[in-house]
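Visitor: Hi, I've got a structure open and would like to talk it through. Could you start with what you mean by a contact?

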Amino acid sequence: MQAHANLSWVLAAHALLRISSGTSGVLVGLYLASLNSHGAHLSAGLVGMLSAVSFGGELFASIPMGVASDVLEPRGLMTGGAVVGALAAFVFALSGSTSIFFLSRLLEGVGAAAIVPALLAYLSDATEGRPRLRVRAMSYFELTLLAGLALGGIVAAQLFRLLHAGAFPAVAVLYLACAAILFRSIPATSARHVASPLEDLKQVWRLPSIRRLAPVWLCVNAVVGLWLGPTLPFLLTERSTKAQYLAGIYASSPASIGWLLFGYSIVFGLGVTVWSFVLPHMRLRDAMWITLGSMLAVCVGLYLLNHSGDQSVSVRWSIGGITALLIMVESGFTPAALAWLAGTLPVQSGRGAAMGIYSVLLSVGAILGSLLAGVLGERYTIDGLLYGTVLVAITALFFLHWIPTLKSESGVRET
């Protein structure tokens, strides 16, 4: 019972972490768009680069932090990462210098690197020998990511409306609250003792499962960088002359973007919740095929919605409703992929390093997606994000062919 209680608190802390980082990411887009409206000359490309810098910090720190999580107490590592995130949020709006902007985003990425690999290794250890619980834990992990998107957008919009630049120190307080929960909920005695962490890292690099999942994971996280970075809020709130329905739709009411993200997260979260019950009863590889295929259908729906300016409200609602159902279908990829990866790791001692590699793949994909969002968003606005998504989704489906079915998926029983 105590182990399950700790697991719940750790997931709750991760939800607060993602709310903090989600708030920070949306605030960056809103704050820079505000500076633009007051005479600054900032482009969507710069916003995309700032997002890429955050993912870059996570990229370079993830493997060292993952190895560290195999030899240090996870409590200290994760708590320290949340404190670094607080510092990053605090310094962003100290001046209008682009150097400060980049420094802040870099620190935020390093803080995330200290938390995510250690947390995923903790979840893998806590669900050892219980595959159904593991699938559900990874689904709840995905739900905590959605909490950041859902509540982060609303919190960012309201904080920015009330405090403007003072919203960033408020985000720092959220990070510190996350640090306090992690410090209290992670047992001090849960450190793993590894004789040779670098040797474990080498063994993890040689795992066929890492090599097979890597290109698919890169593509999916490129989609994350395309849509969940600050580029989308920038495009939705900057006045546009493009003949696209969604471009600049919230230019007169930037705070409304928070409710859009909230609605998207509710739809996505409902999908993940359904998948948490479905995934234990189907092959994870099949689930990945279904979810990636639905991503292409979502792009078609969003394209139709983006070019529905001359259509009636009922037509827009019909397109939006069908697209929402497809988003629920695509939502199952991450929990399926994480459960598949955890199920392929042969040694408990190298899990932190393995999850560090997972975080590197996440960061590389998100960096590519963020840069792609900046380039395509500046040229094609919202359509550009859709073009990029179609490209990477087709590439992911091509590489998914080499991912095998887990041997343990036949006749799985909870122990």
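Guide: Sure. Two residues are in contact when they have heavy atoms within 4.5 Å. One thing to keep in mind is that this is a predicted model.

Visitor: OK, so what does Cys178 contact, if I skip its neighbours within four places in sequence?

Guide: Cys178 is in contact with Ala13, Leu16, Leu17 and Ala82 once those neighbours are left aside. Cys178 belongs to helix α6.

Visitor: And is Cys178 buried or exposed?

Guide: Cys178 is buried, at a relative accessible area of 1%. The cut-off for buried is under 20%.

Visitor: How far is Cys178 from Gly81?

Guide: In sequence, Cys178 and Gly81 are 97 residues apart; in space, their C-alpha atoms are 9.9 Å apart.

Visitor: Let's zoom out. How many helices and strands does the chain have?

Guide: There are 15 helices and zero strands. Of the chain's 415 residues, 57% count as buried.

Visitor: What about the contacts across the chain, how many join residues at least 24 apart?

Guide: Taking contacts between residues at least 6 apart in sequence, 85% join residues at least 24 apart.

Visitor: And the surface, what share of it comes from carbon and sulfur?

Guide: The chain exposes about 16,900 Å², and carbon and sulfur atoms supply 69% of that.

Visitor: Now the inside. How many residues are in the largest nonpolar core?

Guide: That core has 110 residues, and the ones with the most contacts inside it are Leu120, Leu123, Trp217, Leu292 and Tyr358. Helix α1, residues 2–37, gives the largest share of this core, with 13 residues. A second, separate core has five residues, including Leu146, Phe268, Val298 and Ile327.

Visitor: Back to Leu120 for a sec. What's it in contact with?

Guide: Leaving aside residues within four places in sequence, Leu120 is in contact with Met138, Phe141, Leu338, Met355 and Tyr358. Tyr358 is also among the residues with the most contacts inside the largest core.

Visitor: Any holes in there? How many cavities of 30 Å³ or more turn up?

Guide: A search of the whole structure finds one. The volume of the largest cavity is about 40 Å³.

Visitor: Which residues line it?

Guide: The lining is made of Ile210, Leu213, Ala214, Leu341, Ile357, Tyr358 and Leu361. Helices α8 (208–228) and α14 (351–380) each supply at least two of the lining residues. By class, that gives seven nonpolar residues, no polar ones and no charged ones.

Visitor: Changing topic: where is Ser62, and is it buried or exposed?

Guide: Ser62 is in helix α2, residues 44–69. Ser62 is buried, with a relative accessible area of 0%. Not counting neighbours within four places in sequence, Ser62 is in contact with Ala113, Pro117, Gly356, Ser359, Val360 and Ser363.

Visitor: What about Gly153? Which helix is that in?

Guide: Gly153 sits in helix α5, residues 131–163. Gly153 is buried too, at a relative accessible area of 1%. Beyond its neighbours within four places in sequence, Gly153 is in contact with Val26, Gly148, Gly258 and Leu261.

Visitor: How far apart are Gly153 and Gly22?

Guide: They are 131 residues apart in sequence and 6.7 Å apart in space, C-alpha to C-alpha.

Visitor: And Leu145, buried or partly exposed?

Guide: Leu145 is partly exposed, with a relative accessible area of 26%. Leu145 also lies in helix α5, and it touches His14 and Arg18, not counting residues up to four places away in sequence. Leu145 and Gly269 are 124 residues apart in sequence, with 9.5 Å between their C-alpha atoms.

Visitor: Last thing, backbone angles. What is the phi of His164?

Guide: His164 has a positive phi of about 55°, although it is not a glycine. His164 is in the loop between α5 and α6 (167–185), and His164 is partly exposed, at a relative accessible area of 36%.

Visitor: And what about the phi of Thr381?

Guide: The phi of Thr381 is positive, about 60°, and Thr381 is not a glycine either. Thr381 lies in the loop between α14 and α15 (382–399). Thr381 is buried, with a relative accessible area of 6%.

Definitions and conventions:
Residues are numbered from 1 along each chain as its sequence is written. This is a predicted model: local features need pLDDT of at least 70, side-chain atom pairs count only at pLDDT 80 or more; totals for chains, interfaces and linings use all residues. Side-chain values use heavy atoms; hydrogens and water are left out. On a 1 Å grid over the protein atoms alone, a cavity is a set of points where a 1.4 Å probe fits but cannot get out, and a pocket is an open set with protein on both sides within 12 Å along at least five of seven lines; lining residues have an atom within 4 Å of a point. Grid points are joined across faces, edges and corners, and a volume is the space filled by probe spheres set on the points. Helices (H or I, at least four residues) and strands (E, at least two) are DSSP runs, numbered from the N terminus. Ala, Val, Leu, Ile, Met, Phe, Trp, Tyr, Cys and Pro count as nonpolar, Asp, Glu, Lys and Arg as charged, and the others, Gly among them, as polar. Buried means under 20% relative accessible area, exposed over 50%, partly exposed in between (1.4 Å probe, protein chains only). Accessible areas come from the Shrake-Rupley method with a 1.4 Å probe; for residues, only the protein chains shown count as cover. A nonpolar core is a set of buried Ala, Val, Leu, Ile, Met, Phe, Trp, Tyr and Cys residues joined through side-chain atoms within 4.5 Å.
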